[in-house]
Amino acid sequence: MESMVSSGVLTKNQASLLSPLQPRKLRSLRNISSLYTTKHTHQFSNAPFQLSIAFSSRSHGFRQIKWLLKLSQIPEVTEVPSFSVEAQSYLQGLIDGFSMDDALEVKRIERVTNHDVKAVEYFLKQKCQSHPEIAKVLEFFHFACTSEDINNLAHALMLKEAMTKVMFPTMEKLIEAICKMAKANASISMLSRTHGQPASPTTLGKEMAIFTVRLSRERREISQVEMMGKFAGAVGNYNAHLVAYPNINWPQIAEEFVTSLGLKFNPYVTQIETHDYMAKLYYAIIRFNNILIDFDRDMWGYISLGYFKQITKAGEIGSSTMPHKVNPIDFENSEGNLGKANEDLSYLSMKLPISRWQRDLTDSTVLRNMGGGLGHSLLAYKSALQGIGKLQVNEARLSEDLNEAWEVLAEPIQTVMRRYGVPEPYEKLKELTRGRAVTKESIREFIEGLELPKEAKTHLLNLTPHSYVGAAIELARTVDSTVNVINGTKVLETCS
């Protein structure tokens, strides 16, 4: 697949894809595409979805094998005696050695059963029927399980792995990149704009520091969401378990099993895990994404103002008709993908916690699309990172705007006038500045005419739009410390 992408060859299968996430963005998404699948998309393409099918089938089989091993450890389940080391090794080998051929065999069985979990069960039985020890307990692969006992754990573990191995590392790279911008540009003064109009100056670094802190807070919120799992049978009451083995504490067994997989146990469920943690997770990602949209739009605006230049890439074209164009496409792509991601994640958050009575099937088709919102988010993060990597600060342009905005000193002048009891300070500055051209000379002349202590007047006379930045420099310089406090650990060691 990689060779097809790099050579520019488009296959018939690729041309019929239903989502733009594949194949154009395959290189950016290869880590997450191997973790997510939709049951039916395999019919529309080849390699990318085969990888996904393999992982999905392996996830379901992994759960059923682990359940069989758990049953063998319960003394009361005498029908499943403890397995020998060799048998345990054989079962583990089915997990570790799961191949693309195995995945395709599961899909072949599913074409007959029209049921994915049952297809995995039959596949495991085929694989184990020749093993003398395991062949005696084949019916216990799916003992007392509803399909959702298997599915919900597979979904939770895929989601956990996607966040841990793919999403979090990329989020952290993004936060670190913006943090580096903050510290590197801590002292570079910049004209603020409120309502699009000139306002009290800041520094470029401090504005980047704001996004560093905002994204860090949401990254921490996302990381605190616990992935949950259930294993309580058809309606969450262990009905069948207790009929077959009434003297076993099945809720305790289920909790031990779920937590052994690295998940938080949910004891109060119907046929399905309630998906509330998914809604919480996706809403948290949406908040992270919204902050990044704000960042993308600000960067787009700063580039438009000329505050940043973009490093050009040989051979890259900005416009098919205007050769001079160097467009901020990375931030635009990031913004667009974030919008699509938020749409997908918002629907998942609203839909998944709702299921009629003890279960309806509406969550099933929706859960097949879990990867889309994360995929678009991942593309957005990588696009933003790519855009950041192309930026060069244009200090001359920043300075030019400050030199033409002496009216912003009206704020400190009228504030000092208030301190020393000068009457109607706001009104006097309003008359001087509102709707009028304000220059360095007119500001100095106004200050000279004020009845102020010599020290206060000297301080105001020395003030310029470049130096009137308050605590912005220090706020930018110490942003990494603030982020580390938010996270309760040193997470930005290289932010300098």
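Me: In which handedness of crossing does α13 pass α15?
Reply: In this predicted model, α13 passes α15 in a left-handed crossing. The class make-up of the contact of α13 with α15 is 12 nonpolar, 10 polar and 3 charged residues.

Me: Where do these two helices sit in the sequence, and at roughly what angle do their axes cross?
Reply: Helix α13 covers residues 329-351 and helix α15 covers residues 370-389. Their axes cross at roughly 160 degrees and come within 8 Å of each other. That angle makes α13 roughly antiparallel to α15.

Me: Why give both an angle and a distance?
Reply: The angle between the axes and the distance between the axes are what describe two packed helices.

Me: Take Glu-332. Which helix is that in?
Reply: Glu-332 is placed in helix α13. The residue is partly exposed, at a relative accessible area of 35%.

Me: How many residues apart in sequence are Glu-332 and Gly-387, and what is the C-alpha distance?
Reply: The two are 55 residues apart in sequence. In space, their C-alpha atoms are 9.4 Å apart.

Me: Now α8 and α15. Are those roughly parallel or antiparallel?
Reply: Helices α8 and α15 are roughly parallel to each other. Their axes cross at roughly 20 degrees and come within 10 Å, and the crossing is left-handed. By class, the contact of α8 with α15 holds 17 nonpolar, 3 polar and 2 charged residues.

Me: Let us step back. How many helices and strands does the protein have?
Reply: The secondary structure comprises 22 helices and 6 strands.

Me: And what percentage of the residues is buried?
Reply: Of the 496 residues in the protein, 51% are buried. The area exposed by the protein is about 24400 Å², with carbon and sulfur atoms supplying 52% of it.

Me: Of the contacts between residues at least 6 apart in sequence, what percentage joins residues at least 24 apart?
Reply: The figure is 77% for contacts in the protein.

Me: Is there an example? Say Val-258: which helix, and is it buried or exposed?
Reply: Val-258 lies in helix α11, which spans residues 250-260. With a relative accessibility of 0%, Val-258 counts as buried. Its C-alpha atom is separated by 7.8 Å from that of Leu-153, although their positions lie 105 residues apart along the chain, counted as a separation.

Me: Which residues is Val-258 in contact with, leaving aside neighbours within four places in sequence?
Reply: Val-258 is in contact with Leu-153, Gly-229, Lys-230, Phe-231, Leu-263, Lys-264 and Phe-265.

Me: What about Ala-186? Where is that found?
Reply: Ala-186 is found in the loop that runs between α8 and β1, the latter being residues 189-194. Ala-186 is buried, having a relative accessible area of 1%.

Me: How far is its C-alpha atom from that of Leu-475?
Reply: The C-alpha atoms of Ala-186 and Leu-475 are separated by 8.1 Å, and the two residues are 289 apart along the chain. Setting aside neighbours within four places in sequence, the contacts of Ala-186 are Thr-203, Gly-205, Ile-473, Ala-476 and Arg-477.

Me: Changing topic: which sign does phi have for Ala-144 and His-275?
Reply: Ala-144 has a positive phi of about 60 degrees, and His-275 has a positive phi of about 70 degrees. Neither Ala-144 nor His-275 is a glycine.

Me: Why is that worth a remark?
Reply: A negative phi is found in most residues other than glycine.

Me: Where are those two residues found?
Reply: Ala-144 is in the loop between α7 (116-128) and α8 (147-184). His-275 is in the loop between β4 (264-265) and α12 (276-305). His-275 is buried, at a relative accessible area of 2%.

Me: Then α12 itself: at what angle do α9 and α12 pack?
Reply: Helix α9, residues 204-223, packs with α12 at an angle of about 165 degrees, and their axes are 8 Å apart. The two helices are therefore roughly antiparallel to each other. In passing α12, α9 makes a left-handed crossing.

Me: Which residues of α9 and α12 meet?
Reply: The residues on the α9 side include Met-208, Phe-211, Arg-214 and Leu-215. Those in α12 include Ile-285, Arg-287, Phe-288 and Asp-294. By class, the contact of α9 with α12 divides into 13 nonpolar, no polar and 8 charged residues.

How values were computed:
Residues are numbered from 1 along each chain as its sequence is written. This is a predicted model: local features need pLDDT of at least 70, side-chain atom pairs count only at pLDDT 80 or more; totals for chains, interfaces and linings use all residues. Side-chain values use heavy atoms; hydrogens and water are left out. Axes are lines fitted to C-alpha atoms, for helices over the stretch in contact, and angles run from 0 to 180 degrees between N-to-C directions. Helices (H or I, at least four residues) and strands (E, at least two) are DSSP runs, numbered from the N terminus. Angles under 35 degrees count as roughly parallel, over 145 as roughly antiparallel, 65 to 115 as roughly perpendicular and the rest as oblique. A crossing is left-handed if the near helix is turned anticlockwise from the far one by less than a right angle, and right-handed if clockwise. Ala, Val, Leu, Ile, Met, Phe, Trp, Tyr, Cys and Pro count as nonpolar, Asp, Glu, Lys and Arg as charged, and the others, Gly among them, as polar. Buried means under 20% relative accessible area, exposed over 50%, partly exposed in between (1.4 Å probe, protein chains only). Contact means heavy atoms within 4.5 Å. Accessible areas come from the Shrake-Rupley method with a 1.4 Å probe; for residues, only the protein chains shown count as cover.
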